[in-house]
Amino acid sequence: MGKKYYGHPDFYKLLAKMKEIHSNKNHDYSGENEPFRNFKMSEEMGIPAWKGCLIRMGDKYSRLCSFAKKEEYKVKDENIEDTLLDLAIYSIIDIILYRENLKK
């Protein structure tokens, strides 16, 4: 028998979706040996990767605030759920990048 979870069932479905999104985007944006290569590019300009990720999170947050005011996106290939999922994924990535930075 597996572990019993007590949260909302949709929460766990979204976690599974986040895992799939992360894997697919990692395939497209990163190298095989460096899963966060795209985030670590900021280090070439002297910005720690975890801070670079915060900047990307700020862009997502700004997009969400804009949507909250207008309640529509003109770019049809991304919707509010996509943006919120990206922000959640970036948050987890940033924890990992921050921990890696502390180890340096």
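Which residues does Y90 touch, not counting residues up to four places away in sequence? In this predicted model, Y90 touches F39, C53, R56, M57 and K60.

Let's start with the surroundings. The largest nonpolar core has 16 residues, and F36, F39, C53, M57, Y90, I93 and L97 are the ones that touch the most other members. Helix 3 and helix 4 each supply at least two residues of this core.

Now for helix 3 itself. It runs over residues 49-70 and reaches 32 Å from its first C-alpha to its last, close to the 32 Å expected for its 22 residues. Its buried residues are A49, W50, G52, C53, M57, K60, L64 and F67. Looking down the axis, you find these buried residues within an arc of 165°, so they line one face of the helix. Helix 2 (37-40) and helix 4 (80-103) are among the parts that cover them. Over on the other side, D59, K69 and K70 are exposed. Right after helix 3 comes E71, with a positive phi near 55°.

Then there are the aromatic pairs, five in the structure. Here are two of them:

| Pair | Distance of ring centres | Angle of planes | Kind |
|---|---|---|---|
| F39 and Y90 | 5.4 Å | 90° | edge-to-face |
| W50 and Y98 | 4.9 Å | 80° | edge-to-face |

F39 sits in helix 2 and Y90 in helix 4, so their pair links parts of the chain 51 residues apart, and both residues are buried. W50 lies in helix 3 and Y98 in helix 4, so this pair ties together parts 48 residues apart in sequence. Y98 is partly exposed, with a relative accessible area of 37%.

F39 has another partner: R56 lies over the face of its ring, 4.6 Å from the ring centre.

How values were computed
Residues numbered from 1 in each chain as written. Predicted model: local features only at pLDDT ≥ 70, side-chain atom pairs only at ≥ 80, totals over all residues. Heavy atoms only, no water. Helix = DSSP H or I, 4+ residues; strand = E, 2+ residues; numbered from the N terminus. Expected span 1.5 Å × (residues − 1). Buried < 20%, exposed > 50% of the residue type's maximum accessible area, 1.4 Å probe, protein only. Arc of directions from axis to C-beta. Contact = heavy atoms within 4.5 Å. Core = buried A, V, L, I, M, F, W, Y, C linked by side-chain atoms within 4.5 Å. Phe/Tyr/Trp six-rings, centres within 6.5 Å; stacked < 30°, edge-to-face > 60°. Lys NZ or Arg CZ within 6 Å of the ring centre and 35° of its normal.
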